[in-house]
Amino acid sequence: MGLHHQVIVVGAGLSGLRAALAAQQDGLDVAILSRVHPVRSHSIAAQGGINASLANAEGGRDDNWEKHAFDTIKGSDYLADQDAVEIMTKEAPGIVYEMEHWGTPFSRTIDGRIAQRPFGGAAFPRTCYAADITGHALLHTMYEKSVKEEIKVYEEYLLLSIVKHDNACVGIVALNINNGEIIAMSADAVIIASGGYGRIYGNSTNALINTGSGMAAAYLSAGVPLKDLEFVQFHPTSLYGTNILITEGARGEGGYLFNNRHERFMKNYAAKAMELAPRDIVARSIQTEINEGRCYNNAYVLLDLRHLGRKKIMERLPGIRDICLHFAGLDPINKPIPIQPGQHYSMGGIDTNANGETSLAGLFAAGEAACVSVHGGNRLGGNSLLDTIVFGKLSGHFASGYVKAKKKNAADQALQAELAKVKAKVSRLENSAGKENPAKVRSELKTTMMEEAGVFRTKAKLEAGLAKIKELKERYKQIHLLSKIKKYNLDLVRNLELEGKLALAEVIVLGALKREESRGSHFRTDYPTRNDEHWLKHTLAHHTESGPRLDYKAVTITRFRPQARTY
Amino acid sequence: MVTFKIERFNPDVDKAPYFQTYEVAAGKEMSVLEALFYVVENLDGSLAFRYSCRGAVCGSCAMRINGKNRLACQTLLKKLKSPVITVSPLPHLPIVKDLIVDMDHFFKNYEKIKPYLVNNTSAPEKERRQSILERAKIDEMIACILCGACFSACTVAATDKKFIGPAALTKAYRFWADSRDNLGDERLALVAGEHGALRCHTLFNCAEACPKNIVPTYSIQQLKGGLVKCRFSKPAK
Ligand SMILES: Cc1cc2nc3c(=O)[nH]c(=O)nc-3n(C[C@H](O)[C@H](O)[C@H](O)COP(=O)(O)OP(=O)(O)OC[C@H]3O[C@@H](n4cnc5c(N)ncnc54)[C@H](O)[C@@H]3O)c2cc1C
């Protein structure tokens, strides 16, 4: 038999590294498999911070996990599972202190504690930060810890398939990008920590590698359901042009939003919270200003930081300033920043419980690829980094518990059969004589998702989107590759990813079409209110040959009854 | 149209690297990284390069562009102001394929300096306190994205294959200077010796190449100062 590890973690972002550290700490033989070197993972790009009720900041001295839980649940528009939110918010201070002890260079308060800033959806500073490079600071620390603990990483491997045998996950099939070889690896447990799918959308703040291929593998090959995929977060402030993120921290530090009449238009939408209302609300407000013409170039409004002054901008938002200088050619110290909403985060993902378990024994998921659900219909800024570390850690420990209790499962044949199947599929793709240009399919998918499944949705748009995706899926079968080279074939990698993107897009759009209400990020202009009577439930999408089959499951409510959501 | 001269090399089939020319239909705000994607999608699917965040934080796409080490994503064509753009892999690192270099050696050096916080006192229940001033000491160094641009630009690293190099030395300083770390002189010992900090010739090539405006030379000089002090405060063996 070939390669074997007790636990294989797919993904080397914050959630994957944390899961691997946990399982290795439990004494297991662990390996990570990742499309890129760990520090190139998308977690590196997180800017604003990580939430924990440390109560370090003036104005937040009486913060506690219950307040954090309430804000998270209200922010989620009551779709989050409250037992899971409880776990996350209780664990939050502990994991932030642990990262600090491992070396994360958090910014500091005057008395030397971890500094906290206000973020949307909380009434006071709760978001712990390292200037505006919090993800970078956390991911480097997590990677440093993994170097110290000598975690094994298979770098530049692309997960293609998850292998099942006797109703349990027994390994994976992956492409070694470096030499084009397709290999099978057996494992007693697999943890998917492969991040989000932002690049299905045209205007996305995500890394170019965020194609959702891990989520797609779980859905297509392992047959586990995806949960709540119609809930797509649009960040209010992405830089016009490149859609690089301008952190919510910019508004947390006091930045204003202006339309082309120099009006702080948030007063018309969230009079109390203003710029610090939750993301779904601010994104819709900006999009409304744009749609109704109170904008520039039909495309953007302005985020103004000038009144914060040079010192504060240099101290708290140096990364944002750099981004503006390099990518927009302007200095926010003396010019407002052109911004527009951009796809940012997936609240939905692989259906798991708070232990990271999926419906398939031995298959776990964590981080943005998973949906526990702690974010429900809308994630609060600063809660995703928290989610990745808390549930990365828990899934690692639960996976090792599973492995220790499990009896051996001879899976060699299943692995070899799946390997042969995947090899045949790849070789079909490589040798396709079709006439379709894959770049066109990819770009039409992006436009379709922006236009038909964006900030504002309607039945007609979603139906058009679904029809288009079905067409693109057909056309995908006819694509031809420009290169058959084995070594580092980007053309092959990107077109393997495209198959998964199309599958996820279909799930997003179908879920959105069926959900006839507005909740969190999912806004239907034809059903503009929340409907708890019919829709206080999670969507589950199961893969079938003819497309996704949807069913639903109840939301866990413990202490907070759904109420109207105003800010 | 902008002309791109791109260095190509596939060790499986080519004897030596060579340049290939592509005409790219360039948009006004196009970055070099976007131009490379244009090539892969429209002209030549066999071109290989690394990419991830496209926002100058992940460190994947460092390469040599018009004679200087830069991040492809952060380099806009209009800023180069040049009708022909030459792109090649980071110099002095083994080429894996085309613009992709082998970073193993770079990360091995990084691992040599114990790139993690060491504090042997038992962890407090909450955070270890650190003043704003103490934290400010490492502000510049923590911006490093491990892209390798400095290492590849360093003439000492190019000739002395054992030289730890500017990125790893900056990391070493980042921990040595962190008020929470108590490895102290042991950290200095890790960067002592003929392939350590003292080997630096203070040519500032690293600083010039850094896409994050870090000056590794500063960190290296601090380490040198520490090493010299150590030497004089302890009896020579
Ligand atoms: C610009 C930006 C800023 C953000 N800022 C914040 C913030 O301030 N606070 C906050 O809480 N959240 C923030 N978020 C969200 C947060 O950063 C992410 O949700 C989180 O980092 C995701 O971490 P992860 O570990 O789940 O996945 P990632 O960090 O995305 O890692 C995914 C890993 O999976 C690997 N992978 C993927 N597919 C495959 C495959 N098929 N085969 C093998 N490997 C694969 C990749 O190589 C990578 O290592 C931000 C997001 C963006 C886009």
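**Close-ups of two interfaces**

**View 1. Where chain B meets chain A.** Here 60 residues of chain B are in contact with 57 residues of chain A. Keep in mind that this is a predicted model. Put the two chains together and about 5000 Å² gets buried between them, with carbon and sulfur atoms accounting for 54% of that area. Three residues to pick out are B:Tyr51, B:Arg54 and B:Glu127: they supply 15% of the area that chain B buries against chain A, more than any other three residues.

**View 2. Salt bridges and polar contacts between chains B and A.** The rule turns up five salt bridges across this interface. One of them pairs B:Arg50 with A:Glu156, whose closest N and O atoms sit 2.7 Å apart. On top of that, 33 residue pairs are in polar contact across the interface of chain B and chain A, both partners at pLDDT 80 or more.

**View 3. What chain B brings to the contact.** Several elements of chain B give two or more residues to the side that touches chain A: the helices H1 (32–43), H3 (104–112), H4 (132–136) and H7 (166–176), plus strand E6 (95–97). H1(B) gives the largest share, with five residues. Sort the residues on this side of chain B by class and you get 33 nonpolar, 16 charged and 11 polar.

**View 4. The two domains of chain A.** Now for a look inside chain A, which is divided into domain 1 (234–342) and domain 2 (413–552). Their C-alpha centres lie 31 Å apart. The contact draws eight residues from domain 1 of chain A and eight residues from domain 2 of chain A. About 660 Å² is buried between these domains, 76% of it from carbon and sulfur atoms.

**View 5. The domain 1 side, close up.** Which three residues supply 74% of the area that domain 1 of chain A buries against domain 2 of chain A? They are A:Phe234, A:Asp280 and A:Arg284, and no other three residues supply more. As for salt bridges between the two domains of chain A, the count is zero. The rule does find one residue pair in polar contact across this interface, both residues at pLDDT 80 or more. Helix H7 (residues 279–291) of chain A gives the largest share of the domain 1 side that touches domain 2, namely six residues. By class, that side of domain 1 of chain A has three nonpolar, three polar and two charged residues.

Definitions and conventions:
Residues are numbered from 1 along each chain as its sequence is written. Chains are lettered from A and ligands numbered from 1 in the order in which they are written. This is a predicted model: local features need pLDDT of at least 70, side-chain atom pairs count only at pLDDT 80 or more; totals for chains, interfaces and linings use all residues. Side-chain values use heavy atoms; hydrogens and water are left out. Domain bounds come from an automatic or database domain assignment. Contact means heavy atoms within 4.5 Å. Buried area is the accessible area (1.4 Å probe) that two parts lose on being put together, summed over both. A salt bridge is a side-chain nitrogen of Lys or Arg within 4 Å of a carboxyl oxygen of Asp or Glu. A polar contact is a pair of N or O atoms within 3.5 Å; within protein, one must be able to donate a hydrogen and the other to accept it, and residues adjacent in sequence count only if both atoms are side-chain atoms. Helices (H or I, at least four residues) and strands (E, at least two) are DSSP runs, numbered from the N terminus. Ala, Val, Leu, Ile, Met, Phe, Trp, Tyr, Cys and Pro count as nonpolar, Asp, Glu, Lys and Arg as charged, and the others, Gly among them, as polar.
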